Amino acid sequence: MEKFSPEQRLERATLRVAMHIRGLWEEKGGSDTRLLEALFIPDELTLAGHSQAFTGKGRREHVIPRLVIIEQCHRMLEARATDAQIAKFIRDHVRIVMISAEECERLDRAAHLGLRQTMPVGWKFGASLFARLEAAGIEWTAIATNA
């Protein structure tokens, strides 16, 4: 078995995911947000940090909701993007931050925020990846990553 660096593992994982997204999109007209989960893209390759309130209990949170990323991948496919371009997009945008249970509730249930599966109003790709956490008042600390 060959030994791969974290960067190589992330590149390989995101390329596999991009190919699956394309295949499902071509066959069914869409794909599944679960393709962005840890089974396919290991958390240790995308973990950006943890909230200041995180004490070991809570959950892993995609800083940009999986639905937002998948929908953008579909738009890229419509524009004839290659698997390599989609994989790079995924590498650039999939980040995990560990947050507390209270912060989970704030993101998921606070109707006034409306951030469960969306980014803040007016947000566009190229802006802060962490705008959703910022809008919810979630302060977090970056950690050194392996990727």
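Trainee: How much space lies in the largest pocket?

Mentor: Rolling a probe the size of a water molecule over the atoms shows where empty space is left. In this predicted model, the largest pocket holds about 290 Å³ of space.

Trainee: Which residues of its lining lie nearest the centre of the largest pocket?

Mentor: The lining comprises 13 residues, and Glu61, His62, Arg66, Arg116 and Gln117 are those nearest the centre. By class, eight lining residues are charged, three are polar and two are nonpolar.

Trainee: Which element supplies the largest share of that lining?

Mentor: Strand E2 does, with four residues. Both E2 and helix H2 (66-78) supply at least two residues each.

Trainee: In what order do the strands of the sheet stand?

Mentor: One reads a sheet from strand to neighbouring strand. Here four strands form an open sheet in the order E2-E3-E1-E4, with mixed pairing. Strand E2 (59-62) and strand E4 (140-142) are the edge strands, each pairing on one side only. On average, neighbouring strands are turned by 30° against each other, direction ignored.

Trainee: In which sense do strand E1 and strand E3 pair?

Mentor: Strand E1 (residues 47-51) and strand E3 (residues 96-99) are parallel, and three bridges join them. Within this pair, glycine 49 is found opposite valine 97 of E3.

Trainee: Which strands does helix H4 touch?

Mentor: Helix H4 (residues 101-109) packs on the sheet and touches E1, E2 and E3. The direction of H4 makes about 115° with that of E3. Strand E2 thus links both topics: H4 touches E2, and E2 contributes four residues to the pocket lining.

Methods:
Residues numbered from 1 in each chain as written. Predicted model: local features only at pLDDT ≥ 70, side-chain atom pairs only at ≥ 80, totals over all residues. Heavy atoms only, no water. Pairing = 2+ DSSP bridges. Axes fitted to C-alpha atoms, helices over the stretch in contact; angles between N-to-C directions. Contact = heavy atoms within 4.5 Å. 1 Å grid on protein atoms, 1.4 Å probe; cavity = no way out; pocket = protein on both sides within 12 Å on 5 of 7 lines; lining within 4 Å. Points joined across faces, edges and corners; volume = space filled by probe spheres on them. Nonpolar A, V, L, I, M, F, W, Y, C, P; charged D, E, K, R; others polar.
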